[in-house]
Amino acid sequence: MNKTLLALLLAAATSLSGAQTTGTQLNGTGVLAGLALSGTVSGALPARARVGVFAIDSSGAPVAELSSVPVNGGRFTLEIPSVLPPQRALSQLRVDSIFWPGVLEPVSVTGQVSVAELRFYVYQDANGNGRRDDTEMLQEATPFVGKAVLFVSFASGAAQVNAARGFQANLKAGWNGLLIEVGRAVKVTSSSRITDVSLNVQR
């Protein structure tokens, strides 16, 4: 009886630990997609500049650096790993909480998923430790690929966002690189590997 009780307690502890680690339930297979990005950085770059992608909270403030690389010769190559963003960066995908480039009413959503947004920042890695410290100032940089804005969003499962002027974004579980080009109609394409990203940094 004691051995049975011990086994049950160990199983419960393992289950609780897993729930605390993931925080968000994934839909579908549970396999997350990563994202590979490369391109150029121009503008007022600090010495020892790094490009980092940060998950943001509901107020738009960066809360966690998910990946960063040094800028070499004005270029960068960055991998966004197949990991969950922090819980405080996640929110439910709803029509009244979508403030993406090119999205105009009416908006509709298919799929019940949690989402998070990444933004690009450049900072000076003053002590050379390969990550951003609280004392190192962040400079936001908007990413473009040609005329399209690059918008990076995490989704916990498959979903679709539709909006005016033909906007249609299909999300998969994991990180989604959406290229949004706004004209008379809004064209949205997605890819897991995006080159020719252009970041311009302004003080």
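These legends accompany close-up views of a predicted model, built around strand β7 and its surroundings.

**View 1. Strand β7 and the strands that pair with it.** Let's begin with β7, which spans residues 114–124. Eight of its eleven residues are buried, so β7 is largely enclosed by the rest of the structure. Strand β2 (residues 49–56) pairs with β7 in the antiparallel sense over seven bridges. Four bridges join β7 to β9, again running antiparallel. Strand β5 (residues 91–92) is joined to β7 by two bridges, and these strands run antiparallel. Strand β8 (residues 139–145) also pairs with β7 in the antiparallel sense, over two bridges.

**View 2. Individual bridge partners along β7.** Here it helps to pick out single residues. Val115 of β7 is the bridge partner of Ser91, and in β9 the partner of Val115 is Ala155. Further along, Tyr121 has Glu140 of β8 as its bridge partner. Val122 in β7 stands opposite Val51.

**View 3. The ring cluster of Phe54, Tyr121 and Tyr123.** The count of aromatic pairs comes to four. One of them joins Phe54 and Tyr121 edge-to-face, at 5.5 Å centre to centre with 85 degrees between the planes. Because Phe54 lies in strand β2 and Tyr121 in strand β7, this pair ties together parts that are 67 residues apart in sequence. Phe54 also pairs edge-to-face with Tyr123, at 6.4 Å centre to centre and 80 degrees between the planes. That pair links distant parts of the chain too, with Phe54 in strand β2 and Tyr123 in strand β7, 69 residues apart. Ring pairs thus link Phe54, Tyr121 and Tyr123 into a cluster.

**View 4. Burial of the three clustered rings.** Staying with these residues, we can look at their accessibility. Phe54 has a relative accessibility of 4%, so it counts as buried under the 20% cut-off. Tyr121 is buried as well, at 5% relative accessibility. For Tyr123 the value is 0%, and this residue too counts as buried.

**View 5. Ser153 and its surroundings.** Finally, we move to strand β9 (residues 148–155), where Ser153 lies. Ser153 is buried, with a relative accessible area of 2%. Its side chain reaches the backbone oxygen of Ala116 at 3.3 Å. Leaving aside residues up to four places away in sequence, Ser153 touches Trp100, Val115, Ala116, Gly174, Trp175 and Asn176. Val115, one of these contacts, is the bridge partner of Ala155 in β9.

How values were computed:
Residues are numbered from 1 along each chain as its sequence is written. This is a predicted model: local features need pLDDT of at least 70, side-chain atom pairs count only at pLDDT 80 or more; totals for chains, interfaces and linings use all residues. Side-chain values use heavy atoms; hydrogens and water are left out. Buried means under 20% relative accessible area, exposed over 50%, partly exposed in between (1.4 Å probe, protein chains only). A polar contact is a pair of N or O atoms within 3.5 Å; within protein, one must be able to donate a hydrogen and the other to accept it, and residues adjacent in sequence count only if both atoms are side-chain atoms. Contact means heavy atoms within 4.5 Å. Two strands pair if DSSP finds at least two bridges between them. Rings of Phe, Tyr and Trp (its six-membered ring) pair if their centres lie within 6.5 Å; planes under 30 degrees apart count as stacked, over 60 as edge-to-face and the rest as tilted.
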